Amino acid sequence: HVLIVDDARDILYLYKKYLKNTGHTVSSAENGKQVLDILNKHKYSSNPIDIIFMDLQMPILSGYQTTKILRQKNVSIPIIAITAHETAGYENLKLRYGFNEILPKPISKDKLIRKINYYCGSNTKIEDIQGELIS
């Protein structure tokens with residue numbers, strides 16, 4: 001179960017389109033408050049969140065604030081930060097806030113699926129869904 005978090009609806013649409021027909025459940029949120037609500041809702045469900053792709057700059061609760069809260073609550077779900085800004089020098093932020101990785105936008109469909117496979121142990125093959133995705 002993949003959670004995509006971004007206040008840009010076009011990014012949410014694109015990443016959902018990338019993951020269509022991969023067998024993954026995809027949820028989305030537009031800010032950190034919604035992330036906390038979604039995680040509380042799915043905490044005891046049969047379909048918990050397995051990985052989060054989180055924008056850093058968002059209204060209400062930023063990706064930084066949200067990740068810090070989650071890590072303070074001992075939430076161990078992999079969190080991949082995504083940002084439109086330069087990622088050089090983000091290593092300290094990664095350690096400080098508890099991100100597993102920080103990646104620059106846009107994330108290609110190949111990289112998105114590789115990260116899900118790496119962190120979640122799934123075996124989605126790019127070539128199996130290539131025709132289903134936006135180039």
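Here are three short exercises with worked solutions on a predicted model.

**Exercise 1. Helix α3 and its buried residues**

Find which residues of helix α3 (residues 63-72) are buried, and work out how they are arranged around the helix.

*Solution.* Start with the cut-off: buried means under 20% relative accessible area. In α3, Gly63, Tyr64, Thr66, Thr67 and Leu70 are buried. Now look down the axis of α3: these buried residues fall within an arc of 165°, so they line one face of the helix. A general point helps here: an α-helix has 3.6 residues a turn, so residues three or four places apart point the same way.

Next, pick out Thr66, which lies in this helix. Its relative accessible area is 0%, and its contacts, leaving aside residues up to four places away in sequence, are Gly32, Val35, Leu36, Met54 and Leu61.

**Exercise 2. The two ends of α3**

Identify the residue that caps the N-terminal end of α3, then describe the phi of Asn74, just after the helix.

*Solution.* Begin at the N-terminal end, where the cap is Ser62: one of its side-chain oxygens is 3.3 Å from the backbone nitrogen of Tyr64. Then move past the helix to Asn74, whose phi is positive, at about 60°.

**Exercise 3. The largest pocket**

Describe the largest pocket by its volume, its lining classes and the element that gives the largest share of the lining.

*Solution.* First, the volume is about 260 Å³. Second, sort the lining by class: 7 nonpolar, 2 polar and 2 charged residues. Among the lining residues are Leu36, Asn40, Lys43, Leu70 and Lys73. Finally, helix α2 (residues 32-42) supplies the largest share, 4 residues.

Key: Residues are numbered from 1 along each chain as its sequence is written. This is a predicted model: local features need pLDDT of at least 70, side-chain atom pairs count only at pLDDT 80 or more; totals for chains, interfaces and linings use all residues. Side-chain values use heavy atoms; hydrogens and water are left out. On a 1 Å grid over the protein atoms alone, a cavity is a set of points where a 1.4 Å probe fits but cannot get out, and a pocket is an open set with protein on both sides within 12 Å along at least five of seven lines; lining residues have an atom within 4 Å of a point. Grid points are joined across faces, edges and corners, and a volume is the space filled by probe spheres set on the points. Helices (H or I, at least four residues) and strands (E, at least two) are DSSP runs, numbered from the N terminus. Ala, Val, Leu, Ile, Met, Phe, Trp, Tyr, Cys and Pro count as nonpolar, Asp, Glu, Lys and Arg as charged, and the others, Gly among them, as polar. Buried means under 20% relative accessible area, exposed over 50%, partly exposed in between (1.4 Å probe, protein chains only). The arc is that of the directions from the helix axis to the C-beta atoms. A polar contact is a pair of N or O atoms within 3.5 Å; within protein, one must be able to donate a hydrogen and the other to accept it, and residues adjacent in sequence count only if both atoms are side-chain atoms. Contact means heavy atoms within 4.5 Å.
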